[in-house]
Amino acid sequence: MSNGRPVARLVAPIVVRFVVSVGLMAVIAVTGVVLSTAAVGHLSDDLQPAVAANQDVLQDLTDVKGAVGDWARSGQPTYKDAYQQALSRLPGDMRAVARFAADDPELAALVAEQERAAQVWLDRYAEPRISDPGGPDTYQPKRFRIGARTFADFRAAQQLTSEAFDRRVERADTDASRLLKGTVISVVVVAVVAWWVTSLARKRLLEELSTPLLDLEGVVHALARNEPGARAENAGPREVRAVAAALNDLADAQARARAVEHRIQDELRILDTARDDFVSNVSHELRTPLTTISGYLEMVAEEFEGSLAPRHERMLAATRRNVSRLKLLIDDLLTLSRAEARATDLEAVDITGLTRDAVTDVRITAANRGIKIVVTAPEEALLVLADRAMLHRAFLNVLSNAVKFSRDGGQVEVELWRDDDRLAVQIRDHGIGIPASEVERLGTRFFRASNAVTNEIAGTGLGLRIVQTIVDKHAGDVLIESQEGRGTTVVVHLPLQSETAVTPPTVAPEPRVGADPEMTSH
């Protein structure tokens, strides 16, 4: 077997049988699909529109009959208009039915009889009656009986035509179903036969090559278990030895790739550290001149209060507003940098109390706009292992934005509950919401929803990123649902800790961060 020919001889029957089987199944499947598609196309593109047109013919004549009856009873001119409108639709629907029935002698005869009956009713009753005066005193029993008889003849002809159409629809549906079932059965039969024939050749191949291939399989599993020293032996037929050599080369390449990967990871960590240091340093450096600018602006506002021209007052107000916005952006950048880089100081925290504290922090802002905050929470303590200050900041971000993007006089609902071994904190507002096309971009730095920008609602676009970073550090997740114009619902899940399983460390809580960050979702 060293020359490789026996292996080719063993593999060739399997390949031939497999190719023939696949080709046969493909031919059967394609043929069945083409025929089924043609049958379904005939049903949906030709037959069903013709059936609908035939029903429209009945509806047109029924509308004409109703307009004639209303004219006969009342004599009001509007019913003549209704008559003309219904009558104008009739020729087009009849042509659609006749066009389909042209190639079907039986159906063409029925359609022709239906058209004849319709024309008889129109000529003998509808047209004369609509042309004569109308009103309660114009009733003629003989003419009425003629109209009823001729319309009944039309209904009978239309019923026969509809039944003929129904038979063709049923036949077309049956043909399509039969073709599809036949295709599936044929493919399954060919697949079973191909499996049986291929299995015989496969058994013979395995008997000749099983030992060296099993050795190769063992090496592959060893490499998958991250055993870098595993290598295949140079044994078996030439083809198997070639595979073993390729596998060994691959293992060597993977070892080199791991070394490169570790080096890249180290460099990425260095880059992340440098980036965080850069953001922190720049933010700190910007704070000092911003504080100076803000102080001078306050001095200018106090010194020239009441003496500035309206134009200068607007310029001063715009400057103060943008300084505040820049300070908020710097604060959010520092908070995000700390949240991403710092090691959390964990302690047992009652989320119910922490959430109520965050609600208290935003109640004044909410009350100034008439917004009511409703809290629903269980009486029991819901403990998590958390960094109190960071988690407080996360909930404060969500609550502040729920209030910010609510309408005046609205309501914000806060609800806490157990969810198996986790707790859930849901904060729902009924404000401006988020456009559906922008929901996927949530969590992107500096992204703000278009409706928030349009409404000139201040923010930095970092709030949700801060929330997600903090919650991720607590092994939780954040779910957001929003509808534009109807509001936003944010649900934070955190793993619960039992009271007996946690001994809180005596660590002083960190100072709380400000309460006006902008969530990325807006």
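Helix 2 takes in residues 78-101 of this predicted model, and its length can be checked with a little arithmetic. At 1.5 Å a residue, its 24 residues should span 34 Å, because the expected span is 1.5 Å times one less than the number of residues. The end C-alpha atoms of helix 2 are 36 Å apart, which agrees with that expectation. Some residues of this helix are tucked away from the surface: Tyr83, Ala86, Leu87, Leu90, Asp93, Met94, Val97 and Ala101 are its buried residues.

Let us step back to the whole chain for a moment. Helix 2 belongs to a chain with ten helices and seven strands. The chain has 522 residues, and 37% of them count as buried. Its exposed area comes to about 29800 Å², with carbon and sulfur atoms supplying 57% of that area. What share of the contacts between residues at least 6 apart in sequence joins residues at least 24 apart? The share is 77%.

Now for the aromatic rings. A pair of such rings is described by two things, the distance of the centres and the angle of the planes. The count for this model comes to five aromatic pairs. One of them joins tyrosine 139 and phenylalanine 144, with 5.9 Å from centre to centre and 55° between the planes. This pair is tilted, because its angle is neither under 30 degrees, as for stacked rings, nor over 60, as for edge-to-face ones. Are its two members buried or exposed? Tyrosine 139 counts as exposed because its relative accessibility is 53%, and the cut-off is over 50%. Phenylalanine 144, at 44%, counts as partly exposed.

Phenylalanine 151 and phenylalanine 154 form another tilted pair, with 5.7 Å between the centres and 55° between the planes. Both sit in helix 4, which covers residues 141-224. Because these two phenylalanines are three residues apart in that helix, about one helical turn separates them. Where do they lie with respect to the surface? Phenylalanine 151 has a relative accessible area of 9%, so it is buried. Phenylalanine 154 is buried too, at 1% relative accessibility.

These two rings also have further company. Together with Trp121 and Tyr125, Phe151 and Phe154 form one aromatic cluster. A charged residue joins the scene at phenylalanine 151: lysine 65 lies over the face of this ring, at 5.3 Å from the ring centre. Phenylalanine 151 is thus a good place to pause while looking around the model, as a member of a tilted pair, a part of the aromatic cluster and the ring beneath lysine 65.

Technical notes. Residues numbered from 1 in each chain as written. Predicted model: local features only at pLDDT ≥ 70, side-chain atom pairs only at ≥ 80, totals over all residues. Heavy atoms only, no water. Phe/Tyr/Trp six-rings, centres within 6.5 Å; stacked < 30°, edge-to-face > 60°. Buried < 20%, exposed > 50% of the residue type's maximum accessible area, 1.4 Å probe, protein only. Helix = DSSP H or I, 4+ residues; strand = E, 2+ residues; numbered from the N terminus. Lys NZ or Arg CZ within 6 Å of the ring centre and 35° of its normal. Contact = heavy atoms within 4.5 Å. Areas by Shrake-Rupley, 256 points an atom, 1.4 Å probe, with all protein chains shown as cover.
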